[in-house]
Number of protein chains: 2
Amino acid sequence: MGLLVEKGAKKAVQKRSQITRDKIMQAMDELLQVESFEVINIAKLSTTAGVSAASIYQRFENKDALISILIALYIEKVRVWNEVAQNQPDVQSAENLREVLLRIALAAWRQFEALSYVMRPAYLYSRLRPELLGGHWQAQEKRALHGFEAMLNQWAGELAGRNIAQVAAMVSYFYNMMFLGKLMHNDAQSSWNLGLGAEEFAENLADFVMGYLEQGRR
Amino acid sequence: MGLLVEKGAKKAVQKRSQITRDKIMQAMDELLQVESFEVINIAKLSTTAGVSAASIYQRFENKDALISILIALYIEKVRVWNEVAQNQPDVQSAENLREVLLRIALAAWRQFEALSYVMRPAYLYSRLRPELLGGHWQAQEKRALHGFEAMLNQWAGELAGRNIAQVAAMVSYFYNMMFLGKLMHNDAQSSWNLGLGAEEFAENLADFVMGYLEQGRR
C-alpha cells in the first residue's frame, strides 16, 4: 500500500514535469511565430510559458538552454507532422516515377511552408552546434534516405541496372539541398530566392531527377 | 602648404588604420584555421593580432564585431581567390557543355576545399544575421548567376529555345545548393555527407544538369 502511494506520488511529479516541459515548448513555438530566435531569451520564454527561469534551466542544460529547446521543438514538430496521414505524399497511387517525384516535392513544400519558422533556426543552430543534435536528427536523415531507396526500388525498371543505393543517396541529397536553399534564402534580397510557386518548383526538381536517371542509362 | 601637411598626416593615419585592420583580419584567418568560430573571442583576436580590443571595437561595430570581421574576411578571401587566373575554370577551351559543367564543378570544389574554414561559419552567420552582409554578398551571388547565364548563352544550341535566364537561375541555384550541402554536412555523422571525391561529385552534378536541360527539350 505504501509502495502504491509512493508510485502515485512519483507519477504525479512526472506528470507535472511533463506539463512544465510542454509549456516551455509551447512558449518557444509561439515566440518563434512572431519573432526571430536571435531575440528570444530565457526571460521572454519564462514569461510566455508562465514557468520560472529556474524550471527552464532545470530541464534543459543551462548554457545552451535556448538552443536545446529550439532543437527539441523542431524534432517534436516534425514527428507530429509525419504522424498525420495527409501530410505524407501518396506515392502508391502514382502512375509513374515522375508523378512520385512531384508528389514528394509538393509534400516537402507544404512541410517547409508550415514549419519553416522553426526549421530555419533549428537547422542553422544544429550546424553551428552539431553536438546538441543527438541521434534524433541523424535518425531522421536516415529515414529520409531509406524512404528514397525503397521508392526507387519500386521503380527499378526505370533505372536500368544502376546501383540503387548510390542513386538514392544522390537523389535524396538533391531534394534536401534544393529545399534547404529555399529555407535559407527566403529573403527578397537573395539571388537564390527563385520566387517559384510550389508546382513550378516541383516540376523543375522532377526534370533534374528524371534527367539524372536517364543520363546514367546511356 | 598647410593643407598639404594635413593631407599627408591624414594619409599616414589612414595607412596605420589599414595596417591595423589587416592585422585583425589576418588574426581571424589564423584562428579559424585551428579552432571553430564559436570559441573565438575578442581577447584571443586581440592577442593574436597584437592590437588592442579597443582598436577592434573601433573598426567593427561593437556588438557584432566578431561576426562583422568574419564576414569581411570571407568577402576578402573570395575576392583574392577569384583574382588568381588558375582558380577560374577554363570554360573557353571546353569541347562541349558537359565538359564546361565538369570544369565549373571542379573549380568550385577546389575553392570550397581551400576556403571552407571561413566559408562555413560565414555562411551560417550571414543567414542568422543577413543585415550584416551588406551589398557585397548579394553582388557576388549576382555575378555567379550572370556567369552561368553568359556560359549557357554560348551553348544556346543545346537548349532548344528554352528561356536561358530561367534555366541559368535554376542551374546556378542547383550548383550553389549542392555545394552548400557539402559545406554544411562535412561531419562523418551526417547522411548528407556523400563521401564522394571531386571527380565523382562533378560527374554526378553534370548528369543532373545535362539531364535537366534535355528534359526541357521534349
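**Exercise 1. Is A:Glu35 buried, partly exposed or exposed, and what is its relative accessible area?**

Before solving, a word on the model: it is predicted, so local features need pLDDT of at least 70, side-chain atom pairs count only at pLDDT 80 or more, and totals for chains, interfaces and linings use all residues. Residues are numbered from 1 along each chain as its sequence is written, chains are lettered from A in the order in which they are written, and side-chain values use heavy atoms, with hydrogens and water left out.

Solution.
- Step 1. Recall the classes: buried means under 20% relative accessible area, exposed over 50%, and partly exposed in between (1.4 Å probe, protein chains only).
- Step 2. A:Glu35 has a relative accessible area of 24%, so A:Glu35 is partly exposed.
- Step 3. Now look for its partner: the side chain of A:Glu35 forms a salt bridge with that of A:Lys44 at 3.2 Å, N to O. A salt bridge here is a side-chain nitrogen of Lys or Arg within 4 Å of a carboxyl oxygen of Asp or Glu.
- Step 4. A:Lys44, at 30% relative accessibility, counts as partly exposed.
- Step 5. Turn to chain B, where B:Lys44 and B:Glu35 form a salt bridge at 3.2 Å, N to O.

**Exercise 2. Where do A:Arg79 and A:Glu83 lie, and how many residues apart are they?**

Solution.
- Step 1. Both belong to helix H4 (residues 65–83) of chain A, four residues apart, about one turn of the helix. Helices are DSSP runs (H or I, at least four residues), numbered from the N terminus.
- Step 2. Their side chains meet in a salt bridge of 2.8 Å, N to O.
- Step 3. Compare the classes: A:Arg79 is partly exposed at 40%, whereas A:Glu83 is exposed at 57%.
- Step 4. For the wider tally, the rule gives 24 salt bridges over all chains. Elsewhere, A:Asp64, A:Arg129 and A:Glu131 are linked in a network of salt bridges.

**Exercise 3. Describe how chain B meets chain A.**

Solution.
- Step 1. Count the contacts (heavy atoms within 4.5 Å): 46 residues of chain B touch 46 residues of chain A.
- Step 2. Take the area. The two chains bury about 4,300 Å² between them, 64% of it on carbon and sulfur atoms. Buried area is the accessible area (1.4 Å probe) that two parts lose on being put together, summed over both.
- Step 3. On the chain B side, B:Tyr173, B:Trp192 and B:Phe208 lose the most area to chain A, together 19% of what that side buries.
- Step 4. Look for charge pairs: the rule finds two salt bridges across this interface. B:Asp187 and A:Arg127 form a salt bridge of 3.1 Å, N to O.
- Step 5. Ask which helices of chain B take part: H5 (97–128), H6 (134–154), H7 (164–184) and H8 (198–215) each supply at least two residues of the side that touches chain A. H7(B) gives the largest share, twelve residues.

**Exercise 4. Which side chains make polar contacts with the side chain of B:His185?**

Solution.
- Step 1. Place the residue: B:His185 sits in the loop between H7 and H8 of chain B.
- Step 2. Its relative accessibility is 3%, so B:His185 counts as buried.
- Step 3. List the partners: the side chain of A:Tyr123 at 2.7 Å, and the side chain of B:Ser190 at 3.0 Å. A polar contact is a pair of N or O atoms within 3.5 Å; within protein, one must be able to donate a hydrogen and the other to accept it, and residues adjacent in sequence count only if both atoms are side-chain atoms.
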